[in-house]
Amino acid sequence: MADLRVNIGGLEFKNPVTTASGTFGNGEEFEDFFDLDLLGGMFVKGMTLEPREGNDYPRMAETASGMLNAVGLQNKGVDHFIKEIYPRIKHFDTHIIPNINGSTVEDYIEVAEKLNEIETIPAIELNISCPNVKAGGMLFGTSCPSAIAVTEAVRKAYDKVLIVKLSPNVTDIAEIAKGVEGAGADSVSLINTLLGMAVDAEKRKSVLSTVTGGLSGPAVKPVALRMVWQVYNAVKIPVFGIGGIMNATDAVEFMLAGAAAVQVGTANFIDPQIPVKIIKGIENYLERHHFDSVSELTGAMEI
Amino acid sequence: MSKIIADHVVVEVRYPVNDSFIITLRSPVDIPDILPGNFAEIQIENTTGVFLRRPFSILDVDYESRMISFFIKIIGKGTKKLGEAKRGDKVSLIYPLGNSFSLPEPGKKVLIVGGGSGIAPFVLLGRNLKSNNNDVTFLIGGKSKKDVLVSSLFSGFGKVLTTTEDGSAGEKGFVTGHSLFKSGNIHFDKIYSCGPEPMMKAIGKIANRNGIDCEVSLENMMACGFGACLCCVTETIEGNKRVCKEGPVFNVNYLKWRI
């Protein structure tokens, strides 16, 4: 059997399949459906320094081959995560990776410092790409100097593996990836959702309470693949590929385009068992194509 | 509570009225306990424009023969496609999801008010209330006679009253205008409601004015249905809560409804 292990900034993942933040709750909602120990890792729901109620309903619109969301980082704050949620989920034998958010650089630093203290949390994902909050979020990730500034600041506050989640709502994602690499990121994950909107013609009304929201699902996959390939060619740090992965073939495509590992997102809503099916499907693919190790797939696309 | 995700086999699709159907499916595994108000997420495949599963209240269940059924109104592409399912087709279901209606003490008098596809949870609710020795009255509203035909589903569980907007069956008007609600006539200990939101709000208002406990079942748009995405939230006195997980059944006074 092929070796499924991958290495991200010195941290070993048992396989390259992880679940994307915002699509997997804190894992608990999926315990009914499969053994979470099988996952390479799980990126839990985005958290902030203070609790947030998120945006008003409606927060979701179905689109052609995808969906828009405008949840707006509803969460009870990092302290609640550390005191209440983490003790309930830490027994899972998989990397639990918090996704951190802030309105200011100071917010990010404080959240990172608190998580740095938790010995068994091996990594964080710095979210500078949430399109659904008024302050901070994507604003940090859409300009190179601010992406670098927040990454540098969090790097100083956080000793373990730092993954920076990039926004696709930029002119040159490779430039920003290079910037955060230089600022000390161990890895980048991409893409977060694409900014979009939906209109209800009959009601002559915007569908989302926030008008705009983040597009995800198979609709964004070609854009995500292109960006993963561009970033892979621009940086030396490993890349998490995200964007419309619905099955093992999609996951393999992302790895061939340059991803070292993947995050499965929106697909979890339709088939909560999909991460395990993808792990099995990748194993199958490696056997069929006679690979010894899954890491051989990374960037193996021929042109 | 254990949940199942499995391909079910379509046993029957029948149309009691032309815009709504009852679909019955057989589970490949034992069906877990279903409570009144629980729902399922149904996957509708190969339909352009339908990406997510669709949530539907569970109409009825037969544990012995592993059958589960749904009462579904055709609203869009997804429900239309599901209504075209043939005997033997496979459909993926996830259930049971959400919370359930709470039962009052035995002997209490209850009123169940609904309209449209909102009547779906009332069969299980009616049966449970009957076996709990409650005195049950159903009040079912619709535009015309055909919309309230389904009220016959409840006749075994209590008294059934109807209203229609055109007066073709029962009393003419909306459910909220039924003579049942004329002052001095309301002798209920509990009211349950499911249907269009303006109707539930009006019923909630009547319940509050008469000091009657009232539970409603919401049907916010959902992406996942099992608590992961936080898309279906409703505002409550304790902040935003997930309709799919903390709901779909809420006490009206827990909601931030201005009623």
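Reader: How many bridges join β1(B) to strand β2 (residues 20–26) of chain B?
Author: This is a predicted model, where local features need pLDDT of at least 70, side-chain atom pairs count only at pLDDT 80 or more, and totals for chains, interfaces and linings use all residues; side-chain values use heavy atoms, with hydrogens and water left out. Residues are numbered from 1 along each chain as its sequence is written, while chains are lettered from A and ligands numbered from 1 in the order in which they are written. Strands here are DSSP runs of E with at least two residues, helices are runs of H or I with at least four, and both are numbered from the N terminus; two strands pair if DSSP finds at least two bridges between them. β1(B) and β2(B) run antiparallel, and the number of bridges joining them is 6.

Reader: OK, and which residue is the bridge partner of B:Val9 in β2(B)?
Author: β1(B) and β2(B) form a hairpin, with 2 residues between them. Across that pairing, B:Val9 has as its partner B:Arg26.

Reader: Which strand of chain B is joined to β1 (residues 4–17) by 6 bridges and covers residues 90–97?
Author: This pairing also runs antiparallel. One of its bridges puts B:Asp7 opposite B:Ser92. The strand holding B:Ser92 is β7(B).

Reader: What are the edge strands of the open sheet of 7 strands in chain B?
Author: Reading across the sheet, the order is β11-β10-β9-β8-β12-β13-β16, with mixed pairing. An edge strand pairs on one side only. In this sheet that describes β11 (171–172) and β16 (249–251) of chain B.

Reader: Inside that sheet, do β12 and β13 of chain B pair in the parallel or antiparallel sense?
Author: β12 covers residues 190–194 and β13 covers residues 213–217, and 5 bridges link the two. For one of the bridges, look at B:Ile191, whose partner in β13(B) is B:Cys214. The sense of this pairing is parallel.

Reader: At about what angle does helix α4 of chain B run to β12(B)?
Author: α4 (residues 197–209) lies across β8, β12 and β13 of chain B, where contact means heavy atoms within 4.5 Å. Axes are lines fitted to C-alpha atoms, for helices over the stretch in contact, and angles run from 0 to 180 degrees between N-to-C directions. Helix α2 (residues 122–131) of chain B lies across β8 (109–115), β9 (135–142) and β12, running at about 170° to β8(B). For α4(B) against β12(B), the angle is about 170°.

Reader: Over to chain A: which residue stands opposite A:Phe43 in β7(A)?
Author: Chain A has an open sheet of 9 strands in the order β7-β4-β3-β17-β16-β11-β10-β9-β8, with parallel pairing. Its edge strands are β7 (95–97) and β8 (99–100). β7(A) pairs with β4 (residues 41–43) in the parallel sense over 3 bridges. Opposite A:Phe43 stands A:Ile97.

Reader: Which helix of chain A lies across β3 and β17?
Author: The two strands cover residues 17–19 and 261–264, and the helix spans residues 274–288. The helix runs at about 165° to β3(A), and its name is α9.

Reader: What radius of gyration does chain A have?
Author: Chain A's secondary structure comes to 9 helices and 17 strands, and its C-alpha trace spans about 55 × 50 × 40 Å along the principal axes. The radius is taken over C-alpha atoms, and the globule rule is 2.2 Å times the number of residues to the power 0.38. With 303 residues, a compact globule would come out near 19 Å, so chain A agrees with its value of 18 Å.
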